[in-house]
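Dear colleague,

I am handing over the structure below, together with an account of what was found in it. Please keep it open beside this message while you read.

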Amino acid sequence: AFDGTWKVDRNENYDKFMEQMGINVMKRKLAEHDNLKITIQQTGDNFLVKESSTFRTKDIAFTLGVPFDYTLADGTEVSGSWVIEGNMLKGKFTRKDTKKDLITTRTISGNELIQTFNYDGVDAKRIFKRA
Ligand code: MYR
């Protein structure tokens, strides 16, 4: 269901979320318009996510329930894993520097992929459409 290429269409509260993450205003302005595109390929419990944005291109491979390390575009390092809960992909990651949790989910709603984020009490969404 998640398979395919998705282009970010709009953000909700993403600036506030990034601010809570400690990202400075200049980087936030760039990140708000990063033209993020993700290609998701699922094979059983294994996922390959190809990420491409104005910041970088990156391939991430992970297996459901198996922890892995990931570096955000600003260099922040996190570690955690994705699981499936019903129709939702749920990721629980912990920042290596602050030790605080970053919770993210992906769900399909109609023809959109909705990714939610929570960090330290602040929620945000990024909504993607098929490319
Ligand atoms: C993936 O499935 O795309 C790779 C793993 C992502 C893990 C962490 C996701 C958190 C992204 C937070 C971005 C916020 C930037 C301030």
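**The ligand and its surroundings**

Of the 15 residues around the ligand, those that come nearest are I23, F62, W82, F93 and R106, where a residue is near a molecule if one of its heavy atoms lies within 4 Å of it. The model is a predicted one, in which local features need pLDDT of at least 70 and side-chain atom pairs count only at pLDDT 80 or more, while totals for chains, interfaces and linings use all residues. Residues are numbered from 1 along each chain as its sequence is written, and side-chain values use heavy atoms, with hydrogens and water left out.

A polar side-chain atom of R106 lies 2.7 Å from an oxygen atom of the ligand, and a polar side-chain atom of W82 lies 3.1 Å from an oxygen atom of the ligand. Taken alone, the ligand exposes 480 Å², and the protein buries 91% of that; these accessible areas come from the Shrake-Rupley method with a 1.4 Å probe, and for residues only the protein chains shown count as cover.

**The sheet**

In this model, 10 strands form an open sheet in the order β4-β3-β2-β1-β10-β9-β8-β7-β6-β5, with antiparallel pairing. Because β4 (57–63) and β5 (68–71) stand at the edges with a single partner strand each, one side of each is left without a neighbour in the sheet. Neighbouring strands of this sheet are turned by 30° against each other on average, direction ignored. As for the terms, strands (E, at least two residues) and helices (H or I, at least four residues) are DSSP runs numbered from the N terminus, two strands pair if DSSP finds at least two bridges between them, and axes are lines fitted to C-alpha atoms, for helices over the stretch in contact, with angles that run from 0 to 180 degrees between N-to-C directions.

Strand β2 (residues 37–43) pairs with β3 in the antiparallel sense over seven bridges, and the bridge partner of Q42 in β3 is F47. The hairpin of β2 and β3 has two residues between the strands, and in this hairpin G44 takes a positive phi near 60°. On its way to the edge of the sheet, the description then comes to β3 and β4, which pair in the antiparallel sense over seven bridges and form a hairpin with four residues between them; here the bridge partner of S52 in β4 is T57.

Along strand β3 (residues 46–52) the side chains alternate, so that F47, V49 and E51 point to one face and are buried, while N46, L48, K50 and S52 point to the other and are not. Buried means under 20% relative accessible area, exposed means over 50%, and partly exposed lies in between (1.4 Å probe, protein chains only).

Strand β6 (residues 77–85) and strand β7 (residues 88–95) pair in the antiparallel sense over eight bridges, with V83 opposite K90 in β7 and S81 opposite K92 in β7. In the hairpin of β6 and β7, which has two residues between the strands, G86 takes a positive phi near 65°. Six bridges join β7 to strand β8 (residues 101–109), and these two strands run antiparallel; the bridge partner of K90 in β8 is T105. The side chains of β7 also alternate, with L89, G91, F93 and R95 pointing to one face and buried, while M88, K90, K92 and T94 point to the other and are not.

**Single residues**

R56 has its place in the loop between β3 and β4 and counts as buried because its relative accessibility is 19%. Polar contacts (pairs of N or O atoms within 3.5 Å; within protein, one must be able to donate a hydrogen and the other to accept it, and residues adjacent in sequence count only if both atoms are side-chain atoms) join the side chain of R56 to that of E51 at 2.9 Å and to that of Y70 at 3.1 Å.

N13, in the loop between β1 (4–12) and α1 (14–20), has a positive phi near 60° although N13 is not glycine. N35, in the loop between α2 (25–32) and β2, likewise has a positive phi, near 50°, and is exposed, with a relative accessible area of 53%.

With regards
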